[in-house]
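Here are a few worked exercises to try with the model open beside you. Take each task on your own before reading its solution.

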Amino acid sequence: MKTQVAIVGAGPAGLLLGHSLRQAGIACIVVERTSQVRVESRIRAGILEATMTDLLARLGLDARLKVEGLPHDGLTLVNDGAVIPVDIVGSTGKHVTAYGQTEITRDLIDAAPAAGLDIVWEAGDVALHDVDSDHPSLTFTVDGVAQTIECDVIAGCDGFHGPSRAAIGGTYCDRAYPFGWLGVLADVAPCHHEVVYASHDRGFALASMRSPTRSRYYVQVGNDERVEDWSDDRFWDELETRLGPDIARGVTRGPSIEKSIAPLRSFVSEPMRRGRLFLAGDAAHIVPPTGAKGLNLAASDIVYLSEALIGWFARGDTAGVDGYSARALRRIWKTERFSWYLTSLMHRFPDAGPFERRMQHAELDYIATSAAAQASIAENYVGLPL
């Protein structure tokens, strides 16, 4: 097979890039190692910046989002039960939207045939070749049959564990946090009309939603914890304690339909380009989920990368591709900073003592009484300008 851009990975980053390029008339093929069912069933993020919703609107792929998405005008912080509302719209004029990554992925896949976007599912042994040359290629197997895609560019959108990140061969910064998030998905009404981030002496808790009838909740747990040790009753008890009485009284309990523990880490790979290979999304960076930035950061990568590739293919302009890595990394590091800040502010660290806890209380008290501090949080939460 021959194409202009071979895209590795059919997650949101790869699919968004494919749709962006096809809208500009650029040929591309997406290669995914897992099945369509597996990709569509992944439980991931659910809060969208204006960056993401604007991109979906430009692609004409926001019809269901506009009907089912839940606009949020603010977010809520809780400090040992004390509620701190943060007005996003009042500070920025923009809002965020609750709409699950699972739904975005399905929308992008459903729209692929009409866009002429080819997706190869269940591709095994994916390997990248000659990325430093003008004629890179991608090899893989489907049903045991070896196949090759010859292309002008490879876009690595295949996540942290994919072959694209390894092929870059650059340097990286990495931090693993000494705790994880135990998450529960339940078909119950959300406890609050906005996302709630709670800091408590027992640890962090988060209340979010996927729809008016489906809620997503998390509590901080140690890295040695097991899902099997957390019954639904134990989870609900702990969640309500950490959320505090004002928020907890809105919690509706119900059976979990999904329960898992996710580790937290910060990771950035530099550079994001090697020859004709470009990274985007989780292949290039990981953020802790505290700031709801993983999916949104992938969207900004795709805006930058699609603009660069369109300029190159349409006009022979190399400025965009030459500057892609530096441009993307400037926004990535600012977003990493915000995610690290919220994670450090809201969680209990095993080696922290009374002084560190008092600093967290002082910072949250400052946020509660400072319009400037709230405006800074709102600006970052809604998404920094591209």
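Two strands count as paired if DSSP finds at least two bridges between them, and the strands themselves are DSSP runs of at least two residues, numbered from the N terminus. Keep in mind that this is a predicted model.

**Exercise 1. Find what S17 pairs with, and in which sense.**

Step 1. Start with strand S13, residues 171-186. S13 and S17 pair in the antiparallel sense over 13 bridges. To place the pair in register, look at Cys173, whose bridge partner in S17 is Val268.

Step 2. Turn to strand S20, residues 285-286. This strand also pairs with S17 in the antiparallel sense, over 2 bridges. Here Phe267 stands opposite Ile286 in S20.

**Exercise 2. Work out the strand order of the open sheet that holds S17, and say which strands stand at its edges.**

Step 1. Eight strands are involved, in the order S6-S5-S14-S15-S16-S13-S17-S20, and the pairing is mixed.

Step 2. The edges are taken by strand S6 (82-87) and S20; each has a single partner strand, so one side of each is left without a neighbour in the sheet.

Step 3. Check the S6 end. Strand S5 (residues 74-79) runs antiparallel to S6, with 6 bridges joining them. Val78 has Val83 of S6 as its bridge partner.

**Exercise 3. Describe the second largest pocket: its volume, its lining and the elements that contribute to it.**

Step 1. The volume is about 320 Å³.

Step 2. The lining counts 17 residues, and those nearest the centre of the pocket are Thr102, Glu103, Leu185, Arg210 and Arg214.

Step 3. Two or more lining residues come from each of helix H6 (101-115), strand S15 (205-211) and strand S17 (256-270). H6 gives the most, with 4 residues.

Step 4. Sorted by character, the lining has 6 nonpolar, 4 polar and 7 charged residues.

**Exercise 4. Test whether the length of H6 fits its residue count, then see which of its residues are buried.**

Step 1. At 1.5 Å a residue, the 15 residues of H6 should span 21 Å. The end C-alpha atoms of H6 are 20 Å apart, which agrees.

Step 2. Using a cut-off of under 20% relative accessible area, the buried residues of H6 are Gln101, Thr102, Ile104, Thr105, Asp107, Leu108, Ile109, Ala111 and Ala112.

Step 3. Look just after the helix: Gly116 takes a positive phi of about 75 degrees.

**Exercise 5. How many cavities of 30 Å³ or more does a search of the whole structure find, and what lines the largest cavity?**

Step 1. The search finds 1 cavity of that size. The largest cavity has a volume of about 40 Å³.

Step 2. Its lining is made of Glu49, Lys293, Arg331, Thr335, Phe338, Asn380, Gly383 and Leu384. Helix H11 (residues 319-346) supplies the largest share, 3 residues.

Step 3. By character, the lining of the largest cavity divides into 2 nonpolar, 3 polar and 3 charged residues.

**Exercise 6. Decide how the compactness of the chain stands against the globule rule.**

Step 1. Take stock of the elements: the chain has 13 helices and 20 strands.

Step 2. The radius of gyration is 21 Å, close to the 21 Å that the globule rule gives for 386 residues, so the chain is as compact as a globular protein of that length.

Step 3. Add the overall extent: the C-alpha trace spans about 60 × 40 × 40 Å along its principal axes. Of the 386 residues, 55% count as buried.

Notes. Residues are numbered from 1 along each chain as its sequence is written. This is a predicted model: local features need pLDDT of at least 70, side-chain atom pairs count only at pLDDT 80 or more; totals for chains, interfaces and linings use all residues. Side-chain values use heavy atoms; hydrogens and water are left out. On a 1 Å grid over the protein atoms alone, a cavity is a set of points where a 1.4 Å probe fits but cannot get out, and a pocket is an open set with protein on both sides within 12 Å along at least five of seven lines; lining residues have an atom within 4 Å of a point. Grid points are joined across faces, edges and corners, and a volume is the space filled by probe spheres set on the points. Ala, Val, Leu, Ile, Met, Phe, Trp, Tyr, Cys and Pro count as nonpolar, Asp, Glu, Lys and Arg as charged, and the others, Gly among them, as polar. The expected span of a helix is 1.5 Å times one less than its number of residues. Buried means under 20% relative accessible area, exposed over 50%, partly exposed in between (1.4 Å probe, protein chains only). The radius of gyration is taken over C-alpha atoms; the globule rule is 2.2 Å times the number of residues to the power 0.38.
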